Amino acid sequence: MLNEERNRTLTQVGRGTPMGELLRRHWMPVAGVAEFDDTPIRALRLMGEDLVLYKDLGGKFGLIDRRCAHRRADLLHGYVEPDGLRCSYHGWNYDATGRCIGQPYEDIAHPELNAKDSVRITAYPVEIKAGLVWAYLGPAPAPLVPDWEPFSWGNGFAQVVISEVPCNWLQCQENSIDPVHFEWTHSNWKTRLAGRTGPYAPTHLKVGFEEFEFGLVYKRIREDTSEKDPLWVIGRTCLWPNAFFLGDHFEWRVPIDDENTLSVTWSFMRVPRESEPYVQERIPAWRGPTVDADGRWITSHVMNQDFVAWSGQGRIADRTQEHLAPSDAGIVMLRKRLFDDLKALEEGRDPRGILRDPAKNLAVRLPVAARRALTEGMTRAELLAHPQFKGMLADYVFQAGQPRAVRAEFERAMGLIPGTGQFAS
């Protein structure tokens, strides 16, 4: 367990806090590019800071303070311009660096003052990669946005899913190094949701944890597997500092503030060989619900079940009351590594996982258990027989609420008969 002070150190994310400063050294995915096709401005609370993310008329993204420097009007209601965002109260205009580039009255009535030249608001750099908008809230020079290998895979359908979860980021990320929860939070819960009391999923017999350059890897053996199974040979990745990588998708746990987290998923499904070549021109993005129309938690899909588990620990889990077990060895490793990174920061060194060399940041390879299926492809028959991917043909199993339009795009890409999960002949 952690004492109260150490728990507070790892969970507080505001500017000036140890963990807040550490997380600000990393680029964070904060939105889907496709979300701005029709709505050019979105409110974004990130690590306790209230901001607006916008796409101007020139197609450039900016991330700036939500409040105008003039009289603190809300820039969420501003106008996008060819080169920035204009306040709808008195017309002050800001570019993506936070510099005021226009004050309509003052520019005309008192041009000699050059009043706008002294006005700046908080602004952060943003970059676009893999259909995601990435933000960096740390000091210059910024590192590189990681170019993970799956971002360059071809012949596949990718999508971005975003949800807000009412709990601290750390209990979400600790899930990334917790293999045993799959047995109970997902496999057995699915059985109970189907109205059955058994048989339950194969029990975990052995778990293992390893460190590598970009995080931690967990491995597991269940009653139905052996040490030759990819779950043990390759495992799954707790990606540093706040992501989970399962081979066909990433999950980031981005802090909104101390008590709320933005869950950002990027998933990839290779089209069958019969549908190749396939080029995806636009990566759709959608917001996934956490509760139903009656306000009850949704538990039908994999990540929705995770959301229930994470939030059930409280807004900020009280780790002074926990009782860790041998299966939690990965949790202990994760926490230790976070404290090691805090020490590195104090000593003026980069924390783990920072990429600054462009030559190294090219399709950075990660552990992938189903590598052949994802990079070389499979036939329709092979997909239908695959234990992992066949379920994806009928439904987006990770989260509830996939819009019909996105489902239709997926069906066209895969060559499926609409609404059936079956391939067209």
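Let's start with a hairpin: β10 and β11 form one with two residues between them, and Ala130 in the turn has a positive phi of about 60 degrees. Keep in mind that this is a predicted model. The two strands, β10 (residues 126–129) and β11 (residues 132–135), pair in the antiparallel sense over four bridges. Within that ladder, Ile128 sits opposite Val133 in β11.

**Backbone oddities**

Most residues other than glycine have a negative phi, and most peptide bonds are trans. That gives a handy filter for spots to check by eye. Ala130 stands out with its positive phi, although it is not a glycine. Is Ala130 buried or exposed? Its relative accessible area is 17%, so Ala130 counts as buried.

Ala363 also has a positive phi, near 45 degrees, and again the residue is something other than glycine. Ala363 belongs to the loop between α8 and α9 (371–375). With a relative accessible area of 33%, Ala363 is partly exposed.

Then there are the cis peptide bonds. One runs from Trp240 to Pro241, with omega near -5 degrees. Pro241 is in the loop between β15 and β16. Another cis bond joins Glu276 and Pro277, where omega is about 0 degrees. Pro277 is placed in the loop between β18 (260–270) and β19.

Here are the four spots side by side:

| Site | Backbone angle | Loop |
|---|---|---|
| Ala130 | phi about 60 degrees | between β10 and β11 |
| Ala363 | phi near 45 degrees | between α8 and α9 |
| Trp240 to Pro241 | omega near -5 degrees | Pro241 between β15 and β16 |
| Glu276 to Pro277 | omega about 0 degrees | Pro277 between β18 and β19 |

**The eight-stranded sheet**

Strands β15, β16, β18 and β19 belong to an open sheet of eight strands, in the order β13-β14-β15-β16-β17-β18-β12-β19, with mixed pairing. Why do β13 (204–212) and β19 (285–287) each have one side without a neighbour in the sheet? They stand at the edges with a single partner strand each, so one side of each is left free. On average, neighbouring strands of this sheet are turned by 20 degrees against each other, direction ignored.

Helix α8 (residues 329–346) packs on the sheet, where it touches β13, β14 (215–222) and β15. The direction of α8 makes about 15 degrees with that of β13.

Zooming in on one pair, β15 (residues 236–239) and β16 (residues 243–245) run antiparallel and are joined by three bridges. There, Thr237 is found opposite Phe245 in β16.

**Cores**

The largest nonpolar core counts 97 residues, and Leu53, Leu63, Phe250, Trp252, Trp266 and Leu338 touch the most other members. Take Phe250: leaving aside neighbours within four places in sequence, its contacts include Trp148, Pro150, Phe151, Leu239, Phe244, Phe245, Trp266 and Leu366. Another core lies apart from the largest one; this other core has 16 residues, including Val52, Cys68, Ala96 and Val119.

Two members of that second core, Val52 and Cys68, turn up again in the contacts of Leu75. Where does Leu75 lie? Leu75 is in the loop between β4 (61–65) and β5 (79–81). Its relative accessibility is 0%, so Leu75 counts as buried. Not counting residues up to four places away in sequence, Leu75 also touches Ile41, Ile64, Asp65, Arg66, Arg67, Leu85, Cys87, Tyr94 and Ile121, among others. As for Tyr54, it is 21 residues from Leu75 in sequence and 9.9 Å away in space, C-alpha to C-alpha.

**Empty space**

Rolling a probe the size of a water molecule over the atoms shows where empty space is left. How many cavities of 30 Å³ or more does the structure hold? There are four of them. The largest cavity has a volume of about 180 Å³. Its lining has 17 residues, of which His26, Trp27, Pro146, Trp148 and Trp240 lie nearest the centre. Two of these names came up earlier: Trp240 at a cis bond, and Trp148 in the contacts of Phe250.

The largest pocket has a volume of about 1,400 Å³. Of the 43 residues that line this pocket, Ser187, Arg222, Arg236, Pro387 and Gln388 are the closest to its centre. Elements that each give two or more residues to the lining are α5 (181–193), β14, α6 (230–233), β17 (249–257), α7 (302–311) and α9. The largest share, six residues, comes from α5.

Definitions and conventions. Residues are numbered from 1 along each chain as its sequence is written. This is a predicted model: local features need pLDDT of at least 70, side-chain atom pairs count only at pLDDT 80 or more; totals for chains, interfaces and linings use all residues. Side-chain values use heavy atoms; hydrogens and water are left out. Two strands pair if DSSP finds at least two bridges between them. Axes are lines fitted to C-alpha atoms, for helices over the stretch in contact, and angles run from 0 to 180 degrees between N-to-C directions. Contact means heavy atoms within 4.5 Å. A nonpolar core is a set of buried Ala, Val, Leu, Ile, Met, Phe, Trp, Tyr and Cys residues joined through side-chain atoms within 4.5 Å. Buried means under 20% relative accessible area, exposed over 50%, partly exposed in between (1.4 Å probe, protein chains only). On a 1 Å grid over the protein atoms alone, a cavity is a set of points where a 1.4 Å probe fits but cannot get out, and a pocket is an open set with protein on both sides within 12 Å along at least five of seven lines; lining residues have an atom within 4 Å of a point. Grid points are joined across faces, edges and corners, and a volume is the space filled by probe spheres set on the points.
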